[in-house]
Structures are given as C-alpha cells and as structure tokens.
Amino acid sequence: MMMRRVAPPSSEDDSSGSGVPGWLEALLGTRFFLACAAHPGSPRNECNMFCIDCRATPAAFCYYCRSHRHASHRVIQIRRSSYHDVVRVTEVEDVLDIAGVQTYVINSARVLFLNERPQPRGAGAAAGKAAASPYNCEICGRALLDPFRFCSLGCKLVDTKTHGHGHGHGATVVGNVDGGGGSGSEAEAGGSKNGARPQGRRRKGTPHRAPFGS
C-alpha cells in the first residue's frame with residue numbers, strides 16, 4: 001500500500017511558541033485501540049489513528065473514519081509494542097522534532113514510544129540489562145540502549161515545557177545516527193534481535209553534549 005508522506009508543519013501547528021505543535025499533547029493523552037463506536041460491526045474498527053490537521057472528536061478513530069472524514073488530512077497511525085503505543089519515525093519526523101528520543105526497530109521499521117514506560121525491576125533479563133546500561137532518560141530515569149536523552153516523546157515534551165528548549169540543541173538527531181542511532185533491541189520492543197547492535201560495539205564512556213542554546 002502506498003504511504004502518503006505528510007507535509008511539513010505550518011507555523012500554526014505551534015500553539016505555545018516553544019516549538020511544540022499544538023496537537024502533540026492531545027496525541028500523548030489519547031487512548032488508542034478501543035473499538036470504534038461509529039463502526040461497531042466492522043472488521044477493522046480499532047481506533048489507532050490520529051489526525052494532526054483537525055481537532056477530531058474522539059481524537060482516536062478507525063480506518064473507516066479516516067476514509068470518510070480525514071481523507072485529505074495528515075494522519076498518524078499508532079501501533080502497539082509490549083502493550084505500549086508507538087509511532088513510526090517516518091510518520092512523524094517531518095512534522096515533529098524527535099531529536100534525542102530513543103528509537104527501536106520493530107518489523108524492520110524504526111519506532112518511538114509515545115509515553116514513558118515503567119522501569120523493569122526484579123531479577124529478570126530486562127532488569128539486569130537496565131541496571132547495566134550507562135544511559136538513562138533525563139526525565140524518568142529509564143535505562144536506554146543508546147546515548148539518547150529521552151525514552152519517549154512524552155519525556156521530551158516534559159523537558160521542553162520545563163526548560164523551553166523547543167529544538168533540543170545538542171541532542172542526538174535520530175536521522176543522523178549510524179547503526180545504533182536508535183537501533184535498540186527488538187526483543188525489548190517486541191520483535192526479533194536481528195536489528196540489535198552487538199554489545200561489543202556499544203559506545204564507551206559518557207557522551208558529552210553541547211550546552212543548550214539560549
């Protein structure tokens with residue numbers, strides 16, 4: 001199926017003047033994957049889409065709602081990994097600054113988590129990997145697989161609203177990282193390990209970032 005590439009956001013998308021588009025908080029606060037009330041008997045009626053061009057009600061809608069009400073709009077499809085909502089990098093990189101957010105590879109596609117997730121605890125493999133990681137989210141402290149600053153778009157939004165850094169100066173830009181730049185672990189994100197970077201190639205030492213701009 002041919003994917004329609006979304007157009008760059010206009011200045012009207014930024015409702016706060018901080019570089020944060022007005023629809024982002026609505027996206028992060030929306031509950032997805034419920035059955036669509038308008039199409040209860042349809043086979044593809046789970047609400048896993050979000051429109052960034054209009055304030056649709058409800059904000060999450062299904063495949064049939066998109067065809068009827070959002071055919072000419074910019075629509076983002078939400079996906080699931082380990083019971084958490086993710087979005088493909090290719091669907092948001094033109095309309096949202098995703099610099100500094102950890103990415104993962106699921107089904108050969110690079111994705112971002114929308115909101116923070118609980119840190120693995122206990123004696124399991126995930127907990128052990130988290131304890132050994134030298135990288136952590138600057139907001140929630142979750143262990144990261146690569147030298148990024150945030151574990152999710154939600155944590156980056158918290159930092160942006162707190163410090164007013166709309167463009168994440170000095171942060172790692174997702175599209176410019178080679179190999180590990182969000183290669184992540186597909187096992188942790190719900191896929192195979194084929195795209196994971198070998199542990200022996202992990203960058204050594206603590207990454208040094210340039211100071212934030214004024």
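**Entry 1: the cores**

I began with the largest nonpolar core, which has 38 residues; Trp23, Leu24, Leu27, Leu96, Leu112, Leu114 and Leu153 touch the most other members. I then looked up which elements feed this core: α1, β1 (49-51), β2 (60-61), α2 (63-69), β3 (75-81), α3 (89-92) and α5 each supply at least two residues. Another core lies apart from it and has six residues, including Val86, Tyr104, Ile106 and Val111. I note that this is a predicted model.

I took Leu114 as an example and listed its contacts, leaving aside neighbours within four places in sequence. Leu114 touches Leu27, Leu28 and Phe32, then Ile78, Asp85 and Val87, and also Ser152, Leu153 and Gly154. In soluble globular proteins, nonpolar side chains tend to be buried together.

**Entry 2: helix α5**

Next I went to helix α5, residues 153-163. I found its buried residues to be Leu153, Gly154, Cys155, Lys156, Leu157, Asp159 and Thr160. What do they pack against? The buried residues of α5 pack against α1 (24-28), β4 (84-88) and β6 (109-113). After the helix I came to Gly164, with a positive phi near 75 degrees.

**Entry 3: aromatic rings**

I looked for aromatic pairs and the count was two. Tyr63 and Tyr64 make an edge-to-face pair, with 5.2 Å centre to centre and 80 degrees between the planes. Tyr104 and Phe113 also pair edge-to-face, at 5.3 Å centre to centre and 85 degrees between the planes.

I checked burial as well. Tyr104 and Phe113 are both buried. Tyr63 has a relative accessible area of 33%, so I put it down as partly exposed.

Which residues lie over the faces of Tyr63 and Phe113? Arg44 lies over the face of Tyr63, 3.9 Å from the ring centre. Arg117 lies over the face of Phe113, 3.6 Å from the ring centre.

**Entry 4: confidence**

Last I looked up pLDDT. The chain has a mean of 74, and 62% of its residues reach 70 or more. Among the elements of the chain, β4 has the highest mean pLDDT, 97, and helix α6 (residues 186-189) the lowest, 45.

I noted two stretches where pLDDT stays under 50. Over residues 1-12 the model has 21 contacts beyond four places in sequence. Over residues 166-214 the model has 99 such contacts, beyond four places in sequence. Where pLDDT is low, the predicted coordinates should not be read in detail.

Notes: Residues are numbered from 1 along each chain as its sequence is written. Side-chain values use heavy atoms; hydrogens and water are left out. Rings of Phe, Tyr and Trp (its six-membered ring) pair if their centres lie within 6.5 Å; planes under 30 degrees apart count as stacked, over 60 as edge-to-face and the rest as tilted. Buried means under 20% relative accessible area, exposed over 50%, partly exposed in between (1.4 Å probe, protein chains only). A charge sits over a ring if NZ of Lys or CZ of Arg is within 6 Å of the ring centre and within 35 degrees of the ring normal. Helices (H or I, at least four residues) and strands (E, at least two) are DSSP runs, numbered from the N terminus. Contact means heavy atoms within 4.5 Å. pLDDT is the predictor's confidence in each residue, from 0 to 100. A nonpolar core is a set of buried Ala, Val, Leu, Ile, Met, Phe, Trp, Tyr and Cys residues joined through side-chain atoms within 4.5 Å.
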